Amino acid sequence: LIEPGADVEEPDVAKRILVIEDHEENRRIMRDLLTHAGYEMLEAVTGEDGIVAAGLERPDLILMDIQLPGLDGYDTTRRIKADPALRPIPIIAVTSYALSGDDQKALAAGCDAYVTKPFSPRALLGKIREFLG
Amino acid sequence: VENVRLFQELEARTRELAHSVEELQALSEVGRAVSSTVDLQTVLATIVARAVQLSGTSGGVVYEYDEATQEFQLRASHRIEQELVEVLQARPVRLGEGATGLAGLRRVPVEVPDTREDREFQITQLARTTLNQLGYRSILGIPLLLEQRIMGALTVFRRETGSFPSEIVNLLQTFATQSTIAIHNARLFREIEAKGRELEVASRHKSQFLANMSHELRTPLNAILGYTELLNDGIYGDLPQKAGDVMTRIDRSGKHLLGLINDVLDLSKIEAGQLELTLADYSLQEIVHAVLTQVEALASEKGLTLHVNVAPSLPPGRGDERRLAQVLLNLVGNAIKFTDVGSVRIAAYRDGDAFVVSVTDTGPGITEADRQRIFEEFQQADSSSTRKKGGTGLGLSIAKRIVELHGGRIWVESTFGRGSTFSFQVPVRVERQAARG
């Protein structure tokens with residue numbers, strides 16, 4: 001018997017993805033994409049809110065926009081990765097233009113992978129599946 | 001008696017001629033200094049030295065006039081005691097003051113035959129005391145005039161009293177003219193320098209603006225391309241065939257626009273000096289093959305043959321692998337774009353301490369005139385082809401800057417009508433990014 005609220009993976013429950021992104025349109029694209037692919041999407045608009053949401057919700061994966069107002073994606077990633085309880089959650093960075101060097105900085109900050117903006121929803125989904133199967 | 005007179009006349013003429021030769025020599029020396037030396041101080045020092053020597057006066061100074069303060073500032077002196085120089089430096093001569101100030105005000109040479117008698121001669125008590133102590137008795141001030149504008153003054157001092165002979169006044173006026181030119185040149189030079197600095201700042205602002213703008217432009221484009229793909233993938237339901245075709249067109253145009261924006265961003269970043277190379281070890285062979293994979297489909301679509309010739313056992317290079325791949329991709333992409341029949345050949349080899357990569361096509365070739373400007377921004381060989389072939393005309397200038405940041409160079413060889421070869425050369429090991437080209 002499984003106790004309610006016990007920390008056990010249930011195969012039938014949708015994997016939960018936290019999207020930290022300040023642009024409304026981008027969040028909506030991700031929502032349409034992820035929901036259609038059978039994931040549950042959680043949202044945060046700022047890095048600060050994202051850290052709180054990550055701690056409360058313990059998502060299976062985080063999509064991190066790099067250019068956020070206030071705390072940027074690098075610092076948000078560093079803070080999440082500094083928490084031992086949250087460290088195993090894979091973080092995929094959504095960086096601006098590929099040649100900007102943001103991708104290297106994202107990896108250095110602790111991100112597990114990156115996609116570059118403008119991202120192809122198809123490619124993003126492929127990247128997510130590498131982590132969530 | 002007649003012979004004696006002739007002999008004396010001859011002697012006098014000889015002296016005059018010798019003097020003229022001396023004057024000409026001095027003037028030509030001054031002329032050379034004016035045209036070859038940018039440093040105003042040096043030029044004025046040469047002028048005042050020759051002026052004093054040729055006029056046989058005791059000493060002299062050159063002032064530059066400051067229109068804003070209406071003062072003459074000491075710029076150079078010759079055979080003038082340090083004491084007097086210091087007095088003149090500490091308190092610039094005002095317009096209308098002394099021989100110098102009066103010469104400026106009246107715009108004609110002004111002489112003071114006896115500093116102790118002349119009532120018009122108004123100078124500071126300290127200057128008067130110093131002149132008296134040093135024994136100067138007569139002064140001649142020549143204004144430096146450009147049209148009717150005061151540029152400064154050339155002033156000479158003598159220890160004896162009396163008027164200055166007209167030859168000396170005339171001679172000094174020639175030197176004054178030279179000084180005027182020197183001051184005028186120096187001012188123009190300073191102005192150009194300042195303008196150059198202003199331009200540099202303006203150009204940096206422009207680049208920053210472009211960088212910001214292209215970033216802003218990409219955000220909505222992200223949404224357009226994203227929704228297009230979602231629609232195409234049917235996540236909002238199946239699209240009718242016709243709508244699907246249109247979505248594909250929207251996608252293609254959107255990606256084209258994205259390419260243009262990325263090029264502008266790239267170039268503006270380079271222009272703003274914000275592009276930093278990521279230096280790491282790379283394999284030239286792998287770069288060539290990565291580029292090949294990206295263009296193979298394009299070449300076969302046009303029925304072009306791709307030949308690749310990478311020299312065996314190349315040493316590992318050091319540089320920005322992705323940027324170098326971007327350069328090669330641009331060259332090969334252009335070659336395929338502009339060639340309708342034949343082949344594109346990529347060769348990579350080592351030449352001493354450098355790698356050389358070249359891309360040869362059997363395309364239309366480039367005229368001599370176009371070869372000159374093809375690496376400049378927004379230029380394509382034939383501007384009418386811009387519409388036909390697409391592209392921003394920024395690719396080659398971006399490629400050029402990337403190669404230059406590696407301390408290398410890029411060039412083109414072509415015979416019009418018989419194809420082109422674009423080549424670039426970079427040091428095998430780039431340990432440090434080169435300064436902006």
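Visitor: I'm new here. How far apart are the closest N and O atoms in the salt bridge of Asp281(B) with Arg318(B)?
Guide: First, this is a predicted model, where local features need pLDDT (the predictor's confidence in each residue, from 0 to 100) of at least 70, side-chain atom pairs count only at pLDDT 80 or more, and totals for chains, interfaces and linings use all residues; side-chain values use heavy atoms, leaving out hydrogens and water. Residues are numbered from 1 along each chain as its sequence is written, while chains are lettered from A and ligands numbered from 1 in the order in which they are written. A salt bridge is a side-chain nitrogen of Lys or Arg within 4 Å of a carboxyl oxygen of Asp or Glu. For Asp281(B) and Arg318(B), the closest N and O atoms lie apart by 3.0 Å.

Visitor: How many residues apart are Asp281(B) and Arg318(B)?
Guide: The pair links distant parts of chain B, with Asp281(B) in strand β7 (residues 280-282) and Arg318(B) in strand β9 (residues 317-319). Helices (H or I, at least four residues) and strands (E, at least two) are DSSP runs, numbered from the N terminus. Along the chain, the separation in residues is 37.

Visitor: Arg318(B) also bridges to Glu431(B). How many residues apart are those two?
Guide: The closest N and O atoms of Arg318(B) and Glu431(B) are 3.1 Å apart. Arg318(B) is in strand β9, Glu431(B) is in the segment after β13 (420-427) of chain B, and their separation in residues is 113.

Visitor: Is Glu431(B) buried or exposed?
Guide: Buried means under 20% relative accessible area, exposed means over 50%, and partly exposed is in between (1.4 Å probe, protein chains only). Its partner Arg318(B), at 22%, is partly exposed. Glu431(B) has a relative accessible area of 54%, so the word for it is exposed.

Visitor: Let's try chain A. Is Lys81(A) buried or exposed?
Guide: Lys81(A) forms a salt bridge with Asp112(A), the closest N and O atoms being 3.0 Å apart. The two are 31 residues apart: Asp112(A) is in the loop between α4 (102-109) and β5 (113-116), and Lys81(A) is in helix α3 (residues 73-82). Asp112(A) is partly exposed at 37%. Lys81(A) has a relative accessibility of 13%, so it counts as buried.

Visitor: How many salt bridges does the rule find across the interface of chain B and chain A?
Guide: Over all chains, the structure holds 30 salt bridges. One that runs between the chains pairs the side chains of Arg122(A) and Asp233(B), 2.9 Å from N to O. Across the interface of chain B and chain A, the number of salt bridges is two.

Visitor: How much area do chain B and chain A bury between them?
Guide: Contact means heavy atoms within 4.5 Å, and 22 residues of chain B are in contact with 22 residues of chain A. Buried area is the accessible area (1.4 Å probe) that two parts lose on being put together, summed over both. Here 56% of it is on carbon and sulfur atoms, and the total is about 2,000 Å².

Visitor: Which element gives the most to the side of chain B that touches chain A?
Guide: Between the chains there are seven residue pairs in polar contact, both residues at pLDDT 80 or more. (A polar contact is a pair of N or O atoms within 3.5 Å; within protein, one must be able to donate a hydrogen and the other to accept it, and residues adjacent in sequence count only if both atoms are side-chain atoms.) On the chain B side, α6 (166-232), α7 (241-271) and α9 (321-338) each supply at least two residues. With ten residues, the top giver is α6(B).

Visitor: Where in chain A is confidence highest?
Guide: The mean pLDDT of chain A is 87, and 87% of its residues reach 70 or more. Residues 1-10 stay under 50, and the model has two contacts for them beyond four places in sequence. Among the elements, confidence is lowest in α4(A), at a mean of 84, and highest, at 97, in strand β1 (residues 16-20).

Visitor: Which residue does a cis peptide bond join to Lys117(A)?
Guide: Omega for this bond is about -5 degrees. The partner sits in the loop between β5 and α5 (121-132) of chain A. Its name is Pro118(A).
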